[in-house]
Amino acid sequence: EERSQWMSVPVLGTTPGRRYGHTMIFNKPLLIVFGGNNGQQAECDIWVLDVERSPFQWQEVSVIGKRVPLPRVYHSAEVCRDGPAAGMMVVFGGRTAENKSLKDTWGLRQHRDGRWDWVEAPAKR
């Protein structure tokens with residue numbers, strides 16, 4: 001019988017740090033961490049870790065464009081697999097630092113040239 005077990009993975013450099021209420025998704029080959037609370041404030045940061053490139057090292061993502069989601073905790077995120085948003089990390093809802101419920105939807109995409117940006121999904125108001 002084969003048993004699974006946890007192991008510590010050595011990572012170089014700066015990490016996303018301690019946080020709660022964040023999301024982590026896997027979009028091969030990247031683990032993507034978004035948002036959450038660092039114990040002091042809600043975040044809107046994005047960190048990626050390429051699991052196919054050793055040595056492992058987290059990188060903070062800089063996005064292009066001015067429109068970005070509000071910092072948030074307890075949101076949902078998943079990679080869209082089909083349709084026009086295929087390959088995007090889609091983020092929905094959560095709560096602001098002031099504990100206000102959010103009902104917005106955002107897509108995070110990486111362009112072929114390596115740049116990242118956010119797209120707000122259209123919504124009925």
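How many salt bridges does a search of the whole structure find? The search finds seven salt bridges, and the views below, which are drawn from a predicted model, include some of them together with strand pairings, aromatic pairs and a surface patch.

**View 1. The open sheet of four strands, S1-S2-S3-S4.** The four strands follow one another in the order S1-S2-S3-S4, and their pairing is antiparallel. Strand S1 (23-27) and strand S4 (59-60) are the edge strands, each of them pairing on one side only. Between strand S2 (residues 30-37) and strand S3 (residues 42-50) the antiparallel pairing extends over seven bridges, and within S3 it is isoleucine 46 that serves as the bridge partner of phenylalanine 34.

**View 2. The strands that pair with S9, and the hairpin of S8 and S9.** S8 and S9 run antiparallel and are joined by five bridges, whereas S5 and S9 run parallel and are joined by two bridges. Glutamine 110 has tryptophan 116, in S9, as its bridge partner, while isoleucine 64 stands opposite aspartate 117 in S9. The hairpin of S8 and S9 has five residues between the strands, and in this hairpin glycine 114 takes a positive phi near 95 degrees.

**View 3. The aromatic cluster of Phe34, Trp106 and Trp118.** These three residues, Phe34, Trp106 and Trp118, form one aromatic cluster. The ring centres of tryptophan 106 and tryptophan 118 are 6.3 Å apart with the planes at 85 degrees, and the pair is therefore edge-to-face. Because tryptophan 106 lies in strand S8 (residues 101-110) and tryptophan 118 in strand S9 (residues 116-120), the pair ties together parts that are 12 residues apart in sequence. Tryptophan 106 counts as buried at 4% relative accessibility, and tryptophan 118 likewise counts as buried, at 7%.

**View 4. The tilted pair of tyrosine 20 and tyrosine 74.** The count of aromatic pairs comes to three. One of them is formed by tyrosine 20 and tyrosine 74, with 6.3 Å from centre to centre and 40 degrees between the planes. The pair links distant parts of the chain, since tyrosine 20 is in the segment before S1 and tyrosine 74 is in the loop between strand S5 (63-64) and strand S6 (76-79), 54 residues apart. Tyrosine 20 counts as partly exposed at 41% relative accessibility, whereas tyrosine 74, at 54%, counts as exposed.

**View 5. Salt bridges of aspartate 104, arginine 109 and aspartate 50.** Aspartate 104 forms a salt bridge with arginine 72, the closest N and O atoms being 2.8 Å apart. Aspartate 104 lies in strand S8 and arginine 72 in the loop between S5 and S6, so this pair ties together parts that are 32 residues apart in sequence; aspartate 104 and arginine 72 are both buried. In the salt bridge of arginine 109 with aspartate 117 the closest N and O atoms are 2.7 Å apart; arginine 109 is partly exposed, with a relative accessible area of 31%, but aspartate 117 is buried, with 9%. For aspartate 50 and arginine 53 the corresponding separation is 4.0 Å; aspartate 50 counts as buried at 18% relative accessibility, while arginine 53, at 59%, counts as exposed.

**View 6. A nonpolar patch on the surface, formed by Met7, Val9 and Val11.** Together, Met7, Val9 and Val11 have about 280 Å² of accessible area. Methionine 7 is found in the segment before S1, and at 65% relative accessibility methionine 7 counts as exposed.

Key:
Residues numbered from 1 in each chain as written. Predicted model: local features only at pLDDT ≥ 70, side-chain atom pairs only at ≥ 80, totals over all residues. Heavy atoms only, no water. Pairing = 2+ DSSP bridges. Patch = residues over 30% accessible without salt bridge, like charges linked within 9 Å, V, L, I, M, F, W, Y side chains within 5 Å. Areas by Shrake-Rupley, 256 points an atom, 1.4 Å probe, with all protein chains shown as cover. Salt bridge = Lys/Arg side-chain N within 4 Å of Asp/Glu carboxyl O. Buried < 20%, exposed > 50% of the residue type's maximum accessible area, 1.4 Å probe, protein only. Phe/Tyr/Trp six-rings, centres within 6.5 Å; stacked < 30°, edge-to-face > 60°.
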